[in-house]
Amino acid sequence: MKNSKVLVWSIVVALGGFLFGFDTAVISGAEKAIQHLWDLSAVEHGFTVSIALIGTVLGAMLGGIPADRLGRKTTLFWIAVLYLVSSLGSALATDWYVFIFFRFLGGLGVGASSVAAPMYISEISPAKSRGKMVGLFQFNVVFGILIAYFSNYFMQDMGDNAWRWMLGVQALPSLIFLLAILYVPESPRWLIMKKGDVQQAREILNIIDPETSEETLLAIRNANEETKDKPSARLFSAKYKTPVMLAILFAVFNQVSGINAIIYYSPRIFEMTGLGAKAAFLSSAGIGFVNFAFTLLAINFIDRFGRRTLMAIGSVGVIITLGLVARAFFIQDFTGVPVFLFVYIAFFAFSQGAVIWVFISEIFPNEVRANGQALGSFTHWFMAAIIAFSFPIISEYLGGGVTFSFFAVMMILQLIFVWRIMPETKGTSLERTDKTMILH
């Protein structure tokens, strides 16, 4: 990319994605020790793993409010504070209730980050490279997952307090994120739409792309004028029914693929297939590496081939691999399950994983983008919380075969959604995409 400053800003903001991924996956290494330490029942254990997701649901639901009122940058700063406090508090927790509280705070940060970070990056990126730039957020999410898995693997032999080190190490990148966010500018679209600061917005747009800055500025101002004298835009109105429907369906399908069940419980799933504890941890790290590699591949193709093409390829792949995993559980022959799960992760990372935050950040008009991004993130994390809470209970009572068969059927429905409903958004300005979505 020609403009190194935009790339640096995007990388800094995408650090929120790294912490998002690390916080999401790190519990997989600590969950069994925590269950044993505080003698948790199956329900209490499911609640312990999913409490961060409950916080994430609330963070996603409410994240659009500070992003609109305080600005994208200020919101990201306070998200960094939440990550830092959560990591230290969780690591030093003296009982289950204190642990639950600090994990909940971390979840608030993850939820708000999934609203503010992709939205900020989409608003500062040139249209021709927006997919790749917003894709940096997801790239950092899976990089965070990868580092969490390897961190857990190397810390597992540190004694009874290994789980505290696993959770506490997150404080270092949290502090880096908190300091680095001070050096990025505010979103020019927010400056115009919410503050009326055209001059500062122009200066930032000139840095982003001097050749198109005046054209982009005019488009933003025109969009602002069209909505300024009208009643406050309401997300749940007939005018925005298409982007609302697309965001909700996309977020639901992302989670009923079973991705977070596999990320949260990967060591446990691998142990269910007959691997020893050490091999299970290493296989989990392998999942993190495959996720990382194929997300990197996807963000290099997303602006070239488009969002729909990646989704179609990925949908077919995850249907086949989930079906093979379900079959293995039904016949109790787990010979190929680790390979099937690696291939599943590859297809997921190449499609839903890379596309979701890009697509949702593109489909809403400026005047409701924060609330629209919050809706998509809320739906995503609400479903993630349900899956994370219910997976150990359902798999215990119904078995892995039924559980993974359900995920496979949901992905067949996703393929139909991609084929019949999902529009393509690559290469168009946010303002032009807005008009297409409203008139769609």
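Asp 39 sits in the loop between α1 (4–37) and α2 (42–62), so that's where this briefing starts. The model is predicted. From that loop we'll go to a second loop residue, then to two buried side chains, and finish with the rings.

**Loop residues with positive phi**

- Asp 39 has a phi near 50°, a positive value in a residue that isn't glycine.
- Asp 39 is also out in the open: its relative accessible area is 65%, and because the cut-off for exposed is over 50%, it counts as exposed.
- Gln 332 tells a similar kind of story, with phi near 55°, again positive and again not a glycine.
- You'll find Gln 332 in the loop between α15 (307–331) and α16.
- Is Gln 332 buried or exposed? At 56% relative accessibility, Gln 332 is exposed.
- Why bother flagging these phi values? Because most residues other than glycine have a negative phi.

**Asp 23, tucked into α1**

- Asp 23 belongs to helix α1.
- Its relative accessibility is just 3%, and since buried means under 20%, Asp 23 goes down as buried.
- Which residues does Asp 23 touch, once those up to four places away in sequence are set aside? They are Ala 52, Ser 86, Arg 103, Gly 106, Val 110 and Gln 170.

**Gln 352, inside α16**

- Gln 352 is part of helix α16, which covers residues 337–362.
- With 0% relative accessibility, Gln 352 is buried, because the limit for that label is under 20%.
- Skip the neighbours within four places in sequence, and Gln 352 still has contacts with Phe 253, Asn 254, Ser 257, Met 311, Met 411 and Gln 414.
- Pro 365 comes 13 residues away from Gln 352 in sequence, and the two C-alpha atoms are 22 Å apart in space.

**Rings and a charge**

- How many aromatic pairs does the structure hold? There are 28 of them.
- One aromatic cluster is made up of Phe 329, Phe 334, Phe 391, Phe 404, Phe 406 and Phe 407.
- Over at Trp 419, the charged end of Arg 420 sits over the ring, 5.4 Å from the ring's centre.

Note on methods:
Residues numbered from 1 in each chain as written. Predicted model: local features only at pLDDT ≥ 70, side-chain atom pairs only at ≥ 80, totals over all residues. Heavy atoms only, no water. Helix = DSSP H or I, 4+ residues; strand = E, 2+ residues; numbered from the N terminus. Buried < 20%, exposed > 50% of the residue type's maximum accessible area, 1.4 Å probe, protein only. Contact = heavy atoms within 4.5 Å. Phe/Tyr/Trp six-rings, centres within 6.5 Å; stacked < 30°, edge-to-face > 60°. Lys NZ or Arg CZ within 6 Å of the ring centre and 35° of its normal.
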